[in-house]
Amino acid sequence: MAVEPFDTVDLIRTKRSGGALGTSEIDWLVDAYTRGYVEDPQMAALAMAIFLNGMERREIKDLTLAMIASGERMSFGSLGKTTVDKHSTGGVGDKITLPLAPLVASFGVAVPQLSGRGLGHTGGTLDKLESIPGWQAALSNDRMMQVLADVGAVICAAGSGLAPADKKLYALRDITGTVECIPLIASSIMSKKIAEGTGALVLDVKFGSGAFMPTYEASRELAQTMVDLGKDAGVATSALLTDMEVPLGLTIGNALEVRESVEVLAGGGPADVVALTVSLAEEMLRLAGLPDADPAAALADGRAMDTWRRMIQAQGGDPDAALPVAREQHVVTAPTSGVLATQEALPFGIAAWRLGAGRARAQDPVQAGAGIELHAKPGDAVTEGQPLWTLHTDEPSRFDRALESLEGAWSIGTSAEPRGSIVRERIQ
C-alpha cells in the first residue's frame, strides 16, 4: 500500500491556525477526499477552518483546479461556434435562464446551460422546465452537442462526471454549517463551470433579502473572487451584481415562471425580468465578440421565441402544451388602501417552497403548479380589498404555513423607497 505524502491532521492544523496550504497539499487533499482516504469528519473540520480563517487567492485557485481535475472536462471545440454560459447565484422568482439562453443563441452563439434543481427557497431551472409536458432534463453528451449544433441553446442536467469532488464537498458543507463561505462557494461554482468547457462566462451575483449573500459587500467579494478564478483558468469571465431585495418578476414557482418567461420571449413580461434578461444577454454577447448585438430587438421581432420553441422541442417538450395549474388557490387582499411599501424576497421564496414549489431534501418531488402570483410590487398604489397575491398549491393544507411565512414580509404605507436599477455594478 502506497504511503500518503501528507497527513490530513497537519493540514487541518495549518488552516486552523490561519496558515496557507501549498499547491501540492491541496491537490493531494482533494484527490484523497474524492477516493475516500480523507474522511468526512476530517473534511468537515477543514471546511470549518476555511470558513473561519479564509483562503488566499492562490489557495482558492488551487482548490478550484484540483476539483476540476477530480473528474472529466468537456470541450465544445468541435462545434465551430463561440460558447458562452451564465450562472446565477439564485434568488426568488429568478427565471432568467429560460428566456436568456434562446435569446443569446438567436445571435449564432452556442449556450450550453448545465443547470440544477432547486433546494430550499431558490427554485431550480430544471424543475421549472420539467413542468412543460414531455421536456427531458437528462441528455447524453452526444445529444447535447447535437442540440447545440442544431439549435444553439441547451438547458440540461450536468453529468455526474464533472467535478465529483465538489459534489461530495457540497453535500458535506450543507450539513456542517459551512455553506456561506466565499472561498468554498467560489471554488464550487467555478470548478463546475470551468469543467463544462465554456469559452466565456457571465455571473449573475445577487444581493439582498432573497440572495445567497444578503449584503452588497459580500456579494461583491464573491463576484470578484469568481471573476479572478475564471481569468486564472483562461475563461473570459465577468459578473453583474443584481438586486434581489424583492422577488424578480410577478411569479414564483415552476409552471408559473415558465409562463412568465414565455411572455418575455413574446416581447412582453414584467419590466424587471426584461431588463435583467437584456443586460445579461448584452454582457454574454460582448464576451462572445458581438458588442453591437441588440438583444431587445431579438425579443421584439420573435427570433428569440423561435429559438425557444426549437430548444424545447429538441428536448422532447411541447411548447404549445398547456402548463400545469394547481388545484387550489388562495387570494391575499389589501387590508387598507395606500402604496405597497415593502416586500421582502426571502419570505416569499419560503412561502412558495411551503406551497410545494420547492423541496426540503434532494429526493423530494415538486408540484409543477405550486407557487405565488404577485399582483403588486413595491411602489404600486393599492386599494382596500384588491388582490395582492394568489397562492397556488395542490394541497390546501399547505396554505396556513405559507401564509405564516409571509407575516411581516410586506407592508402598505404612504410611499415606497425608490428602487435603483436592477443591475448595480459590472465586475470584469
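One open sheet of this predicted model has four strands in the order β1-β4-β5-β13, with mixed pairing. Strands, like helices, are DSSP runs numbered from the N terminus, where a helix (H or I) needs at least four residues and a strand (E) at least two, and two strands pair if DSSP finds at least two bridges between them. At the edges stand β1 (84–88) and β13 (423–427), each with a single partner strand, so one side of each is left without a neighbour in the sheet. Neighbouring strands of this sheet are turned by 20° against each other on average, with direction ignored; for such angles, axes are lines fitted to C-alpha atoms, for helices over the stretch in contact, and angles run from 0 to 180 degrees between N-to-C directions.

Before going further, it helps to know how the values were obtained. Residues are numbered from 1 along each chain as its sequence is written, and side-chain values use heavy atoms, with hydrogens and water left out. Because the model is predicted, local features need pLDDT of at least 70 and side-chain atom pairs count only at pLDDT 80 or more, whereas totals for chains, interfaces and linings use all residues.

Within the four-stranded sheet, β4 (residues 200–207) and β5 (residues 236–243) run parallel and are joined by eight bridges, and valine 202 stands opposite serine 238 in β5. Serine 238 counts as buried, at 0% relative accessibility, where buried means under 20% relative accessible area, exposed over 50%, and partly exposed in between (1.4 Å probe, protein chains only). Not counting residues up to four places away in sequence, serine 238 touches Leu201, Val202, Leu203, Val227, Glu283, Arg286, Leu287, Ile427 and Gln428, a contact being heavy atoms within 4.5 Å. One of these, valine 227, is eleven residues from serine 238 in sequence, and their C-alpha atoms are 5.7 Å apart in space.

Helices accompany this sheet. Helix α10 (residues 216–232) lies across β4, β5 and β13, running at about 165° to β5. For helix α9 (residues 182–195), 14 residues at 1.5 Å a residue should span 20 Å, and the end C-alpha atoms are 20 Å apart, which agrees; the expected span is 1.5 Å times one less than the number of residues. In α9, 13 of the 14 residues are buried, so this helix is largely enclosed by the rest of the structure. Lysine 193 is found in α9 and is itself buried, with a relative accessible area of 4%. Leaving aside neighbours within four places in sequence, lysine 193 is in contact with Asp85, Lys86, His87, Gln113, Leu114, Thr198 and Leu201. Just after α9, glycine 197 takes a positive phi of about 85°.

Two of the contacts of lysine 193, Gln113 and Leu114, lead to strand β2 (residues 111–115), in which five of five residues are buried. Val111, Gln113 and Ser115 point one way from β2, while Pro112 and Leu114 point the other way. Strand β2 pairs in the parallel sense with β3 (residues 153–157) over five bridges, and leucine 114 stands opposite cysteine 156 in β3. Cysteine 156 is buried, with a relative accessible area of 0%, and cysteine 181 is buried as well, at 4%. The structure holds zero disulfides, a disulfide being a pair of cysteine sulfur atoms within 2.5 Å.

In soluble globular proteins, nonpolar side chains tend to be buried together. Here, the largest nonpolar core has 128 residues, of which Val104, Trp308, Ile372, Trp389 and Leu391 touch the most other members; α9 gives the most to this core, with eight residues. A nonpolar core is a set of buried Ala, Val, Leu, Ile, Met, Phe, Trp, Tyr and Cys residues joined through side-chain atoms within 4.5 Å. Val104 is among the buried residues of helix α5, and nine of the nine residues of α5 (residues 97–105) are buried, so α5 too is largely enclosed by the rest of the structure. Leaving aside neighbours within four places in sequence, leucine 391 has contacts that include Leu355, Ile372, Phe399 and Leu406.

A further open sheet has three strands in the order β10-β8-β12, with antiparallel pairing. Its edge strands are β10 (381–382) and β12 (410–413), each of which pairs on one side only. Strand β8 (residues 338–343) and β10 pair in the antiparallel sense over two bridges, and valine 339 stands opposite alanine 381 in β10.
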